[in-house]
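Here are some short exercises to work through with the model open beside you. Try each task before reading its solution.

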Amino acid sequence: MAALNYTNLVLVIAALAGVIATPPTDGATVASIVTPAFFNGIISKAGAGCAGKTFYTRNAFLEAAKSYPRFGTGNLEVSKREIAAFFAHVTHETGHFCYKEEINGPKKNYCQQGNKQYPCVPGKGYHGRGPIQLSWNYNYGPAGKAIGFDGLNAPETVSKNPVISFKTAFWFWMNNVHSIITTNKGFGPTIRAINGMECNGGNTNAVQARIRYFKAYCSQLGVAPGANLAC
């Protein structure tokens, strides 16, 4: 075996640390998997009057994805399954990209009182916004810090800037869902990670809807959905 030069050694260390993502096999990329036809096939089902119809775009999705290079990477089968899972949840959460914000969200109180690290700002609402419907001050605070916007003082940014909106979805996904897919635990646990209240009979219809979307997108992408689909 040839000796490692300095550059190669840095790459090896970075890869072991998880900094450099392993690209999908067969030369596939997130952009080549999430084709215009795939993305538009989802958003085309949103009504013409939907606020998200012109807000969410494939270009905004791909721009946001650049900040999360580990999303949809690795084995091609796993990559496709992760992308199918991501869009299954996004489809359910936003009604095929119809909604930028949670229905009746402003009327709901998503403030965790007593959170000293990410305290609620008076007059600001932390209801669901974006593709994954980011909610609560304890998510808006760290998401904003990681992405580069003021999540506590300006949570409405998520429903005004489409790239930031997608970045919040990726932020939540990579911190809470990504490892579930890459370790082959199945789609079911991803439902629990996103909205565990639906599990164990909490909302069977919602769980089944997420599963239907996942299976449909897996079929479109040519990958088996695998086992463990329900939570």
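**Exercise 1.** Find which residue follows α10, and give the sign of its phi.

*Solution.* Helices here are DSSP runs of H or I with at least four residues, numbered from the N terminus. Just after α10 comes Gly 222. The phi of Gly 222 is positive, near 75 degrees.

A word on the ground rules: this is a predicted model, where local features need pLDDT of at least 70, side-chain atom pairs count only at pLDDT 80 or more, and totals for chains, interfaces and linings use all residues. Residues are numbered from 1 along each chain as its sequence is written, and side-chain values use heavy atoms, leaving out hydrogens and water.

**Exercise 2.** Check the span of α10 against the expected value.

*Solution.* The expected span is 1.5 Å times one less than the number of residues. For the 18 residues of α10 this should give 26 Å, and the end C-alpha atoms are 26 Å apart, so the two agree.

**Exercise 3.** Which residues of α10 are buried (under 20% relative accessible area, 1.4 Å probe, protein chains only), and what covers them?

*Solution.* Among the buried ones are Ala 206, Arg 210, Phe 214 and Leu 221. Their cover includes α2, α3, α5 and α9.

**Exercise 4.** Which residues have the most contacts inside the largest nonpolar core (buried Ala, Val, Leu, Ile, Met, Phe, Trp, Tyr and Cys joined through side-chain atoms within 4.5 Å)?

*Solution.* In this core of 60 residues, they are Phe 61 and Phe 87. α5 (76-94) is one of the helices supplying at least two core residues, and α5 gives the most, with nine. Leaving aside residues up to four places away in sequence, Phe 61 touches (heavy atoms within 4.5 Å) Phe 87, Phe 166 and Phe 170, among others.

Technical notes: Buried means under 20% relative accessible area, exposed over 50%, partly exposed in between (1.4 Å probe, protein chains only).
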